[in-house]
Amino acid sequence: MTQFVLIAALGAIASVSAAGPDAVILGEAGTYAILSKAGISTVPQSVITGHIGVSPIAATAITGFSLTADPTNVFATATQVTGKVYAADYAVPTPKNLIVAIGDMEAAYTDAAGRQPPDDDKRDLGSGDLGGKTLKPGLYNFNSSVTIPTAGCTISGNDIPIGSLLPPDRWIFQITGDLIMAANTFVTLEGGAKASNIVWQVAGFAEVRAGAHLEGILLVKTGAHFLTGASLNGRILAQTAVTLQSTTVTQPSDGRLLAQTADILA
């Protein structure tokens, strides 16, 4: 009888679909707080929690950081980074690992950009102006640039209990233009929303202006620019350059194990 009840309970969980789209799998790119194909710069001091890496370019493309090579030359450290620094010209196995991570980043971008179709009420929401909006789980598509003005916006989940086997809430924002946050603007999470389950796929550049705060994973085609005092709870995965001005970047809790477990049950 107990076994029957357990099987029935698992069946009930399996019948629940995730709120929002399926997860975008980051692969090895998800082990970096910042990953770039064209360089990472900081002026003057930024605070990064998590690993950073550049490939297929050399460590000379990482500027403004006080790099100190590890004796193995597999990685470096920096006072600005709580984590390790990797570049394509470091010792093996770093070059190969970075090739995999860059490939995974590009695959994740392609996956996020190719999701079809968005919900009708999430297509070109607010004509690209997210000011004052509360954004529930889903796939959002913008055939334009997106702005987050001084009113900010809220990303709101469904209050899934901690430890639940229910699938997590997820968000994908497909943006054909740029993503621009006004100075001193905040993206706020509520209802159990997690930065690790929020993906901003940006075909143009992302610019987070002075004092603004963003949540989520940035998959950026053209560039990522964080101005003085800006901050991110998430990851910057950029196919071109990342520029930081006294920026704080904190990688989120990974969340992939729970998501994969929930997807298997779903």
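Is Asp111 buried, partly exposed or exposed? Asp111 is partly exposed, because its relative accessible area is 29%. The model behind this value is predicted. Across the protein, pLDDT averages 90. A score of at least 70 is reached by 88% of the residues. This briefing covers confidence, salt bridges, aromatic rings and nonpolar cores.

**Confidence**

- Residues 1-17 keep a pLDDT under 50 throughout. For this stretch the model has nine contacts beyond four places in sequence.
- Residues 255-266 also stay under 50 in pLDDT. Here the model has 22 contacts beyond four places in sequence.

**Salt bridges**

- Side chains of opposite charge can pair when their charged atoms come close.
- Four salt bridges are present in the structure. Three of them, by residue, follow below.
- Asp111 pairs with Arg115 in a salt bridge, with 2.7 Å between the closest N and O atoms. Arg115 has a relative accessible area of 15%, so Arg115 is buried. Asp111, at 29%, is partly exposed.
- Lys122 and Asp121 form a salt bridge whose closest N and O atoms are 3.6 Å apart. Asp121 is exposed, because its relative accessible area is 53%. Lys122 counts as buried at 10% relative accessibility.
- Glu207 and Arg209 form a salt bridge, and their closest N and O atoms lie 2.6 Å apart. Glu207 is buried, because its relative accessible area is 17% and the cut-off for buried is under 20%. Arg209 reaches 34% relative accessibility, so Arg209 counts as partly exposed.

**Aromatic rings**

- The structure has four aromatic pairs.
- One of them joins Phe75 and Tyr86, with ring centres 6.3 Å apart. Their planes meet at 55°, so this pair is tilted: stacked needs under 30 degrees and edge-to-face over 60.
- Phe75 sits in the loop between strand E6 (67-69) and strand E7 (76-78). Tyr86 belongs to strand E8 (residues 81-87). The two are eleven residues apart, and the pair links distant parts of the chain.
- Phe75 is buried, with a relative accessible area of 14%. Tyr86 is buried as well, at 14% relative accessibility.
- Phe173 and Trp200 make another pair, with ring centres 4.2 Å apart. Their planes lie at 15°, so this pair is stacked.
- Phe173 is in strand E13 (residues 171-175), while Trp200 is in strand E16 (residues 198-202). The pair therefore ties together parts that are 27 residues apart in sequence. Both Phe173 and Trp200 are buried.
- Tyr32, Phe75 and Tyr86 are linked into a cluster by ring pairs.
- A charge joins the picture at Phe75: Lys84 lies over the face of this ring, 4.4 Å from the ring centre.

**Nonpolar cores**

- In soluble globular proteins, nonpolar side chains tend to be buried together.
- The largest nonpolar core holds 48 residues. The members that touch the most others are Ile34, Leu179, Trp200, Leu218 and Ile236. Trp200 is thus named both here and in the stacked pair with Phe173.
- What does Ile34 contact, leaving aside its neighbours within four places in sequence? Its partners are Ile40, Ile48, His51, Ile52, Gly53, Ile236, Val242, Leu244 and Val249.
- Another core, of 21 residues, lies apart from the largest one. Among its members are Val74, Phe75, Tyr86 and Ile217. Phe75 and Tyr86 are the partners of the tilted pair.

How values were computed:
Residues are numbered from 1 along each chain as its sequence is written. This is a predicted model: local features need pLDDT of at least 70, side-chain atom pairs count only at pLDDT 80 or more; totals for chains, interfaces and linings use all residues. Side-chain values use heavy atoms; hydrogens and water are left out. Rings of Phe, Tyr and Trp (its six-membered ring) pair if their centres lie within 6.5 Å; planes under 30 degrees apart count as stacked, over 60 as edge-to-face and the rest as tilted. Helices (H or I, at least four residues) and strands (E, at least two) are DSSP runs, numbered from the N terminus. Buried means under 20% relative accessible area, exposed over 50%, partly exposed in between (1.4 Å probe, protein chains only). A charge sits over a ring if NZ of Lys or CZ of Arg is within 6 Å of the ring centre and within 35 degrees of the ring normal. pLDDT is the predictor's confidence in each residue, from 0 to 100. Contact means heavy atoms within 4.5 Å. A salt bridge is a side-chain nitrogen of Lys or Arg within 4 Å of a carboxyl oxygen of Asp or Glu. A nonpolar core is a set of buried Ala, Val, Leu, Ile, Met, Phe, Trp, Tyr and Cys residues joined through side-chain atoms within 4.5 Å.
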